[in-house]
Amino acid sequence: MKSCRLILIMAALCLALSGCGGGSDTPAQALEDLTVVGFSQVGAESDWRNGNTRSMQEAFSAGNGYRLIIDDAQQKQERQITAIRNFINQGVDYIVLAPTTERGWDTVLAEARAAGIPVIIVDRMIEVDDPDLFTCWVGSDFRREGETAVRWMEEHLGDGPLRIVHLQGNIGSSAQIGRTEGLDAGLAAHEDWELVFRESGDFTQAKGQELTEAILGQGLRFNVIYSENDNMVYGAIDALRAAGLVPGRDVTLISFDAGSKALRLILTGDISLDVECNPLHGPRVRAIIEQLRKGVTPQKLTYVDETYFDAGNLTEEIIAGRGY
Ligand code: GZL
């Protein structure tokens, strides 16, 4: 019922604009059959994020029986909270939230529950007092991603002191929290690993370049950059090259996401390790909603299988099949 109001308004608008009426394939009839999904997306800060958005658009197409309403929060939680309230007022059938940060969702998710709208969390995790405030979550194990990177560093960089520059993602996001925890465990375990710089680059290429330029300008000595996503490492590469340094030779670059552009930089030797964080959540979230539509209770937490790539295991075929 809740989506009928939205559909009828849209249908009336379509009919008014198109002057058509009657017939089984009128917009009203077509709209009536669509399941409406409100998707609050973090932003468009990275290749990963854009791949995630495309995956959701492909999964929730009209041809698949859905109408997807996407709100781009420009990496601001308050905009996501407003978007969720708008979805509630529009009477969508389902809400999907890709949360900017872990905390601060209890109130608005209680409003969605009171409205009888299931909420699916995708990608990053949320921390709420009552886990029944969301139906289920699908995403990555970010701590494990960080541990994968540190294990690789131990195996491949173990023969000398490491002076590490750490480019963090959005502070408070579970991607940043988990990847940072992984590195912190490595720093605690190795007395010849030194953290020489740590700051958030907000997962963006521009900030990654800006921070790297600043530390080069200060004359800081380092031999590893641990970047919590690909776009920040692209910015770091630009800064290193401008300073006459050779990425992969003068500085070892560690990254996360494993998008096709970054994997090509592994083949050229610029990036040494890229830990996969798969953004193609559209089919996963659609499968969850289709379970809900059949009255089936989905698994509460679903972790996506992920690996890592380096010069030892990467092929052109892998890159060709990435999808983002
Ligand atoms: C990780 C995702 C992160 C990516 C970044 O699941 O939340 O946000 O690592 C993206 O590229 O901006």
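Mentor: Buried area is the accessible area that two parts lose on being put together, summed over both. The model discussed here is predicted.

Trainee: Into which domains is the chain divided?

Mentor: Each of the domains is built from two stretches of the chain. Residues 142-277 and 310-320 form domain 2, while 34-139 and 279-293 form domain 1. The division is therefore into domain 1 (34-139 + 279-293) and domain 2 (142-277 + 310-320).

Trainee: How much area is buried between domain 1 and domain 2?

Mentor: The C-alpha centres of the two domains lie 29 Å apart. Their contact takes 12 residues from domain 1 and 17 residues from domain 2. Carbon and sulfur atoms give 49% of the buried area, and that area is about 1,000 Å².

Trainee: How many residue pairs are in polar contact between domain 1 and domain 2?

Mentor: A polar contact requires a pair of N or O atoms within 3.5 Å. Salt bridges are a separate count, and the rule finds 0 of them across this interface. For polar contact, with both residues at pLDDT 80 or more, the count is 7 residue pairs. By class, the side of domain 1 that touches domain 2 has 3 nonpolar, 4 polar and 5 charged residues, and the number asked for is 7.

Trainee: Which residues are the closest to the ligand?

Mentor: The ligand is surrounded by 13 residues. The closest of these are Glu45, Asp123, Arg124, Arg179 and Asp257.

Trainee: What is the distance from a polar side-chain atom of Glu45 to an oxygen atom of the ligand?

Mentor: Oxygen atoms of the ligand also have other partners: an N or O atom in the side chain of Asp257 lies at 2.6 Å, and one in the side chain of Arg49 at 3.0 Å. The protein covers 100% of the 320 Å² of accessible area that the ligand has on its own. For Glu45, the distance is 2.5 Å.

Notes
Residues numbered from 1 in each chain as written. Predicted model: local features only at pLDDT ≥ 70, side-chain atom pairs only at ≥ 80, totals over all residues. Heavy atoms only, no water. Contact = heavy atoms within 4.5 Å. Buried area = accessible area lost by both parts, 1.4 Å probe. Salt bridge = Lys/Arg side-chain N within 4 Å of Asp/Glu carboxyl O. Polar contact = N/O pair within 3.5 Å; in protein donor to acceptor, adjacent residues only side chain to side chain. Nonpolar A, V, L, I, M, F, W, Y, C, P; charged D, E, K, R; others polar. Near = heavy atom within 4 Å. Areas by Shrake-Rupley, 256 points an atom, 1.4 Å probe, with all protein chains shown as cover.
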